[in-house]
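Got your viewer open? Load the model below, and let's walk through it one selection at a time.

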Amino acid sequence: MHLNNNVTEFILLGLTQDPVRKKIVFVIFSFFYLGTLMGNLLIIITIKTSRALGSPMYFFLFYLSLSDTCLSTSIAPRVMVDALSIRTTISFSECIIQVFSCHYFGCLEIFILILMAVDRYVAICKPLHYMTIMSRRVCSVLVAVAWVGSCVHSSAQIFLALRLPFCGPNEIDHYFCDLEPLLKLACTDTYMTNLLLVSNSGAICTVSFVVLMFSYVIILHSLRHHSAEGRTKALSTCISHIIVVILFFGPCVFIYTRPATTFPMDKMIAVFYTIGTPLLNPLIYTLRNAEVKNAMRKLWSKKLVSDDRR
């Protein structure tokens, strides 16, 4: 196994080198990150404290919000600090940790979205056996498998990164460490590494996206046999899930299924799935879900009552 030879740190070029634009980047990322934290933590607290949100769908939504929060936290604070810094360096070990954390929580989000699709399929297509199939024990095991699967995927990324020898250039043309921009700096032929990257990250994104869309087509097709009220409620939930899937997987498939080619728009597309989607997910799930909104209102009213008693 090769280790970095001469390079002990990298320089992140970020989204821009212009001082004025860097301040704009700081403001935008601060707004997005704060919104992501507030939205996702509100969902986490609401699900944990509300008895009405005890179904498997909200059990999975809890972990989706958790993975969104962690994914943003692994990237946004660093970008915000770099936007205010003159010298934007990151050590080799910090870079490797960021590669691991980004892929870990990104992959976890993919697996949780798959579990949410499975939950909707069972709820709509096998309603009589729903509580038996999707018991809390089964859901807990499925989430544990998702955590382990994400760890395996991220460990593979780290294994690929540690095999790369770095002996000269150390400027990463990106705003965070990822395997794709690191491949450009390696002083060796990276054809096989690229192939492994596409077969790992690219395959997970593409196969998961196809499976998810196919499953939702089956779910929507089966809604024909439901009552008008049941169809409307199920359709609203499924549409929320489909929107989230498209918003997250669209950019991921674009970035990770290509060979060793980069486009100027890559960094902006990466912003969308690393910062944009975690911000939009809470909005999509709360605005289109009456149960979550009602639970949030009850949580807020309890807080107001407790404040008045003081």
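**Stop 1: two long spans**

Select residues 138-160: the C-alpha atoms at the two ends lie 33 Å apart, and the span is 100% helix and 0% strand. Helices here are DSSP runs of H or I with at least four residues, strands are runs of E with at least two, and both are numbered from the N terminus. Before we go on, know that this is a predicted model, where local features need pLDDT of at least 70, side-chain atom pairs count only at pLDDT 80 or more, and totals for chains, interfaces and linings use all residues. Residues are numbered from 1 along each chain as its sequence is written, and side-chain values use heavy atoms, with hydrogens and water left out.

Now pick residues 235-256, another span that is 100% helix and 0% strand, with its end C-alpha atoms 31 Å apart. Both spans appear in the "transmembrane region" annotation of an unreviewed UniProt entry, which also covers 24-45, 57-76, 96-118, 201-223 and 268-287. UniProt positions are given in the numbering used here, feature names are shortened, and such annotations may be inferred rather than shown by experiment.

**Stop 2: the disulfides**

How many disulfides does a search of the whole structure find? There are 2, a disulfide being a pair of cysteine sulfur atoms within 2.5 Å.

Show C95 and C177 as sticks: they are joined, S to S 2.0 Å. This pair links distant parts of the chain, with C95 in helix α4 and C177 in the loop between β3 (171-172) and α7 (179-185), 82 residues apart. The torsion about their S-S bond is about -115°, so this disulfide is left-handed. C95 is buried at 0% relative accessible area, and C177 is buried at 0% too (buried means under 20%, exposed over 50%, partly exposed in between, with a 1.4 Å probe and protein chains only).

Next, select C167 and C187, joined with S to S 1.9 Å. C167 sits in the loop between α6 (136-162) and β3, and C187 in the loop between α7 and α8 (191-222), 20 residues apart. C167 is partly exposed at 33%, and C187 is partly exposed at 36%.

Why is there no bond at C252? Its sulfur is 4.6 Å from the closest cysteine sulfur, in C205, which is too far for a bond.

**Stop 3: rings around F10**

Aromatic pairs come next: 15 are counted. Rings of Phe, Tyr and Trp (its six-membered ring) pair if their centres lie within 6.5 Å; planes under 30 degrees apart count as stacked, over 60 as edge-to-face and the rest as tilted.

Select F10 and F92: their ring centres are 6.0 Å apart and their planes at 35°, so the pair is tilted. F10 lies in strand β1 (residues 9-12) and F92 in helix α4, so the pair ties together parts 82 residues apart in sequence. Add F166, which makes an edge-to-face pair with F10: 5.3 Å centre to centre, 85° between the planes. Both F10 and F166 are buried.

For one aromatic cluster, select F59, F60, F62 and Y63.

**Stop 4: a chemical mix**

Last, select R120, K233, A234, T237 and E291. What do they surround? Of the 18 residues that line the largest pocket, these are the closest to its centre. A pocket is an open set of points on a 1 Å grid over the protein atoms alone where a 1.4 Å probe fits, with protein on both sides within 12 Å along at least five of seven lines; lining residues have an atom within 4 Å of a point.
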